[in-house]
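Colleague: Please take one part of this model and examine it closely, then connect it to what surrounds it. I would like a single continuous account.

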Amino acid sequence: MSKPIVETENLVKVYKHGKIEVHALRGITVKMPNGKIIGLVGPSGSGKTTLLNIIGGLDMPTKGKIYVDGIDLTKLSEKRLAEYRLNKIGFVFQFLNLIPVLTALENIEVPMILAKIPKEERRKRAIELLKMVGLEDRMNHKPDEMSGGEQQRVAIARALANNPSIVLADEPTGNVDTDTTIKIMEIIVKLNRSLGKTFIIATHDPIVKERCEKIYNIRDGKLVGEEA
Amino acid sequence: MAIRNVGRRKLRTTLTVLGIVVGVGMMLALLSIVSGMDVRVTQMVRALGGADITIYNATIPARGSQPFGGFGFTIQRTINLNIIQQIIQIPGVYAVSPQLSFMGYIENTRVTIHGIDPQTYNEVTSGLNIINGRMLSTEDSGKIVLGKTLMEALNITISGKVKVGTSTTDQQEFEVIGEFETGIMFQEYAAYITLKDAQKITGLENEATQILVKCEDPYMVNEVANTITSYIPGIRVTTPTAMVTQATQLLNTLTMFFATIGLIALVAGSFGVVNTMLMSVSERTREIGILKAIGAKSSDILKMFLAEAIIIGSLGGVIGVAVGGVLAYILPTFMPGIMGTASILGRTTIRGVRQVGSTQVFTPTLTPTNITICIGLGVLVGLIAGLYPAWRASRMKPVEALRHV
């Protein structure tokens with residue numbers, strides 16, 4: 001097996017809501033393989049979103065270690081974390097992924113603007129990415145002029161904008177119907193094959209699960225099983 | 001992106017911009033009006049001709065007596081010219097010129113006639129603004145210089161002849177040799193002749209109604225004036241230029257006062273910007289979370305919201321300048337008080353003229369400096385008001401922001 005893309009050691013996350021402590025992660029040790037579609041599966045509240053957020057550098061573990069692509073995330077400053085998210089990670093959320101005042105094309109350009117990529121280059125790449133998700137005809141549409149599935153595809157294209165190591169998707173099909181789910185998963189599989197990108201998807205949808213090459217079952221903040 | 005976000009909530013943005021427009025507009029209107037008054041005062045100083053001190057006779061005539069030997073024409077009490085020798089010796093006095101002004105008749109029209117000593121008159125004042133013909137000289141007996149308005153009223157041209165006299169004396173013929181302009185109508189409804197001719201017409205040999213004094217140092221005017229009054233009994237002095245200085249100080253106070261009102265309006269407007277921006281930040285919490293998730297630094301978020309606030313401020317500034325420019329011309333018609341100020345200035349500084357034209361209009365002055373200041377203020381208000389909301393947006397934790405829907 002090649003070097004793992006994500007490696008965690010006894011990862012613990014405790015949220016404090018006033019005086020109540022919520023144990024979101026209770027010691028997760030895992031090595032995720034590179035270049036695969038990985039599923040984090042579990043009921044809501046199991047801690048899969050928290051794990052995804054920690055991998056994505058949006059949140060910090062309370063205890064434990066996490067390495068992504070060899071980087072020790074616990075050692076990064078807030079500014080370095082932002083750079084890490086910009087260059088190494090692509091995010092797709094369940095819904096409302098896009099900036100409402102910008103067109104599909106402009107939304108895909110945002111990460112590239114933040115990465116200071118020259119205008120012509122980023123426009124070219126944004127069009128390329130839109131083609132990959134099959135939405136070149138929606139280029140100048142704003143989010144509210146697109147269907148939920150189309151919005152998710154734009155979000156996937158945006159996640160790939162800065163050529164990240166991993167695309168993290170939190171319930172990407174949570175708000176769309178079955179046909180759209182199948183379509184979105186087809187696109188993810190295609191991109192995984194053609195670009196060799198690692199996708200980590202938090203989900204409890206059987207259709208999504210079916211398409212994953214590696215599945216981690218999470219329950220009550222603990223890893224309870226792996227399926228290949 | 002900032003521009004489109006500003007356009008997202010059109011009504012709210014419009015109202016916020018209006019808040020700034022009111023402040024900036026008010027500021028510019030008031031500043032322009034005050035500048036307009038300033039220009040007017042400056043015009044008056046020029047029209048006054050620059051005599052630092054004017055000396056009058058202050059003695060009260062004995063009851064029932066006929067002060068001018070039975071002459072029934074309107075004239076002030078006069079001063080004997082012998083005191084000129086005393087005045088010229090007072091330290092700080094640079095030059096002295098006697099003047100005999102009286103209400104006389106030219107071609108049966110009642111006008112103010114000034115008898116001057118041309119040589120000293122030019123030393124003491126900046127002289128008459130001759131637009132046609134020439135100025136009087138000391139030997140110009142029988143010659144007269146008329147104001148532009150009077151020329152038009154009498155329908156007279158240069159080298160024409162006019163009959164000059166008082167109500168009680170015979171009319172003498174004078175030749176018109178010059179035409180002067182002051183820019184102020186009532187001042188142009190007057191005539192200048194030599195002092196000797198004036199004394200002859202009125203029968204007041206060796207007398208003058210006022211003595212004009214120029215000081216060596218313009219900042220010493222009040223001291224020299226005090227010395228003159230203490231040195232020579234029975235006289236009264238006015239210091240027109242010093243009065244104008246005072247008026248200018250009054251104007252400065254007015255400017256400060258109005259600027260303060262404008263600033264208060266701007267501060268009120270800036271609270272509108274803070275409110276709008278805070279609402280915008282809270283509405284777009286999730287968007288901020290997304291932006292941070294895809295790699296935006298806190299500083300990127302800060303810049304984005306600051307840019308929006310500055311756009312609002314600039315819009316307010318530019319529209320405010322347009323509105324203020326219009327207001328500057330409309331407001332004076334509703335504010336007789338300020339018009340009154342200008343009229344009072346006119347009345348107190350120009351002696352011997354009773355009537356101040358009621359149609360006197362002063363024009364507000366829009367200076368590029370004022371316009372720049374006002375637009376700059378709009379931008380500054382946007383920037384300052386945007387700081388706190390933008391800072392709050394930038395400090396949001398991405399995970400918490402993303403939980404927000």
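Modeller: On helix 8 of chain B, N226(B) and S230(B) are exposed, on the side away from the buried residues; the model is a predicted one. The buried residues of this helix, which runs over residues 221-231, are V221(B), V224(B), A225(B) and I228(B). Viewed along the axis of helix 8 of chain B, these buried residues lie within an arc of 100°, and therefore they line one face of the helix. The general geometry accounts for such spacing: an α-helix has 3.6 residues a turn, so residues three or four places apart point the same way.

A similar question can be put to helix 4 of chain A, residues 119-132. Its 14 residues, at 1.5 Å a residue, should span 20 Å, and the C-alpha atoms at its ends are 20 Å apart, which agrees. R122(A), A126(A), L129(A) and L130(A) are the buried residues of helix 4 of chain A. Because these cover an arc of only 100° around the axis, they are on the same side of helix 4 of chain A. The face turned away from that buried side carries E120(A), K124(A) and K131(A), which are exposed. Helix 3 (104-114) and helix 5 of chain A are among the elements that cover the buried residues of helix 4. Just beyond helix 4 of chain A, G134(A) adopts a positive phi of about 70°.

Helix 1 of chain A is arranged in another way. Seven of its eight residues are buried, so helix 1 of chain A is largely enclosed by the rest of the structure. The buried residues are K48(A), T50(A), L51(A), L52(A), N53(A), I54(A) and I55(A). Immediately after helix 1 of chain A comes G57(A), with a positive phi of about 75°.

Helix 1 of chain A also borders an open space. With four residues, it gives the most to the lining of the second largest pocket, whose volume is about 660 Å³. Strand 1 (6-17) and strand 2 (20-32) of chain A, together with helix 14 (398-403) of chain B, likewise each supply at least two lining residues. The lining comprises 24 residues, and T49(A), T50(A), N53(A), D170(A) and R403(B) lie nearest the centre of this pocket. By class, nine of the lining residues are nonpolar, ten are polar and five are charged.

Closed spaces are present as well: the model has two cavities of 30 Å³ or more. The second largest cavity holds about 50 Å³, and its lining includes R85(A), P111(A), N162(A) and, from the other chain, I294(B). Helix 2 (78-88), strand 6 (89-92) and helix 5 (148-159) of chain A each give two or more residues to that lining. Six residues of the cavity lining are nonpolar, two are polar and two are charged.

These details may be placed within chain A as a whole. Its secondary structure comprises seven helices and ten strands, and 54% of its 228 residues are buried. Of the contacts in chain A with a separation of 6 or more, 69% join residues 24 or more positions apart.

Definitions and conventions:
Residues numbered from 1 in each chain as written. Chains lettered and ligands numbered in written order. Predicted model: local features only at pLDDT ≥ 70, side-chain atom pairs only at ≥ 80, totals over all residues. Heavy atoms only, no water. 1 Å grid on protein atoms, 1.4 Å probe; cavity = no way out; pocket = protein on both sides within 12 Å on 5 of 7 lines; lining within 4 Å. Points joined across faces, edges and corners; volume = space filled by probe spheres on them. Nonpolar A, V, L, I, M, F, W, Y, C, P; charged D, E, K, R; others polar. Expected span 1.5 Å × (residues − 1). Buried < 20%, exposed > 50% of the residue type's maximum accessible area, 1.4 Å probe, protein only. Arc of directions from axis to C-beta. Contact = heavy atoms within 4.5 Å.
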